[in-house]
Amino acid sequence: TFRNGEQIGYCGVTTPLSDVSPAEAAQETSFLTKVFSWMVITRAPFLTATVIPILIGATWAVWQGNASPFPWALFLLTMVGGIALHISANTFNDYFDWTSGTDKANNNYFLPYSGGSRSLELGLISEKALLRVAWIFLALAVGAGLVLMAVRGPLLLLFGAFGAFSAYFYTAPPLRLVSRKGLGELLIGLNFGPMMVAGTSYVLTGQLSFVDFLVGVPIGLLTMAILWINQFPDAEADAQTGKNHLVVVMGKERARWGYASLLIAAFGLILVMVVQGILPAATLAALAAVPLAVTATRVLFRQYGERTLIRANAATIQMQAIAGFLMAAGLLVAAFLSRAGLS
């Protein structure tokens, strides 16, 4: 197609082929395309939300001096179990958001941070196969948990049961916790913060205290911020189908302040815990992510109803990963300096 003498696009005419199945006519899918498809189905880029708190839990245990020699086998099994549970939660979420009509109604946006993975809409997997994947990864998580429980005892059952319950009922009926006016956000903050950090520390050390949970609160708040800002593009479709999360309940304009409050609380709590001597000073490195927090907040306040909000969505994910990684690195550096007698 041409306009003013310049080619601006292409136009094609199709001809039905008789006695040829779609499978025969389709091009062969390359291996890399299959890998990319599974990255979409599992929402692999978002798995940092699990990797980071597990790293914090592990480095927290090291800094306390309770994980020497470091139990690498337990750490790796914890990581595998946590990632499997996260993938299970993601695929259950996509399945039930699709069957409830939420994702089908969400046609105003088609962006990386809106409407789940979109794997069903894109035809990457069938409904039955997606549900099967969810159950398989949940089974893997349970298997890893049982092995860890055999090493550390039945207390781990509480962590695993809470995680599995949240993964399934976050969007599954009849509870559909995400629609319970803040309960979904609370579960995300707890699972990807205090529960994961304290659970990892307990697996590696066999010890558990209130402070182990407290140390996980900042990363839990930052992970909750990812969920919070990703709900903005979906708010209209979610409201139509009864998915009453806090952005729907508060409205986008007021919900902006909720997002800002999460970031202030997360970074403020790190500072307070350093001042109180709970965390070593090296964890202040996490504050290097504050500029991203400022950028994301500014974009949200100005463009909360626009497609350009995607810049804030991306910045929030980067902020959580950078702050969490630097917090874990700070704990590790502090542990090294302590062992060397330099702190």
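In this predicted model, Arg43 is a good place to begin: this residue is buried, with a relative accessible area of 16%, and it falls under the 20% cut-off for that label. Arg43 sits in the loop between helix H2 (31–42) and H3. Its phi angle is near 55°, a positive value in a residue other than glycine.

Lys181 also has a positive phi, near 50°, and is likewise a residue other than glycine. The loop between H7 and H8 holds Lys181. With a relative accessibility of 59%, Lys181 counts as exposed, since the cut-off for that label is over 50%.

The loop between H7 and helix H8 (183–205) is also where Pro174 is found. The peptide bond leading from Pro173 to Pro174 is cis, and its omega is near 5°. A cis peptide bond also links Ser68 to Pro69, here with omega at about -5°. Pro69 belongs to the loop between H3 and H4.

Attention can now turn to the packing of helices. Helix H6 (residues 127–152) packs with helix H7 (residues 156–169) at an angle of about 170°, and their axes are 9 Å apart. Because of that angle, H6 is roughly antiparallel to H7, a description that applies to angles over 145 degrees. On the H6 side, the contact is made by Trp135, Leu138, Leu148, Met149 and Arg152; on the H7 side, Leu156, Leu157, Ala164 and Tyr168 meet them. Sorted by class, the residues of this contact comprise eight nonpolar, no polar and one charged.

The second largest pocket offers another view of the helices. About 190 Å³ of space lies within this pocket. Three helices each supply at least two residues of its lining: helix H3 (48–64), helix H4 (72–99) and helix H15 (310–339). Walking along the chain, the lining residues are Leu55, Ala58, Thr59, Val62, Phe70, Trp72, Phe75, Phe325, Ala328, Ala329 and Leu332. By class, this lining has 10 nonpolar residues, one polar residue and no charged residues. Pro69, at the end of the cis bond from Ser68, lies in the loop between H3 and H4, and these two helices are among those that supply the pocket lining.

Conventions
Residues numbered from 1 in each chain as written. Predicted model: local features only at pLDDT ≥ 70, side-chain atom pairs only at ≥ 80, totals over all residues. Heavy atoms only, no water. Axes fitted to C-alpha atoms, helices over the stretch in contact; angles between N-to-C directions. Helix = DSSP H or I, 4+ residues; strand = E, 2+ residues; numbered from the N terminus. Parallel < 35°, antiparallel > 145°, perpendicular 65-115°, else oblique. Contact = heavy atoms within 4.5 Å. Nonpolar A, V, L, I, M, F, W, Y, C, P; charged D, E, K, R; others polar. 1 Å grid on protein atoms, 1.4 Å probe; cavity = no way out; pocket = protein on both sides within 12 Å on 5 of 7 lines; lining within 4 Å. Points joined across faces, edges and corners; volume = space filled by probe spheres on them. Buried < 20%, exposed > 50% of the residue type's maximum accessible area, 1.4 Å probe, protein only.
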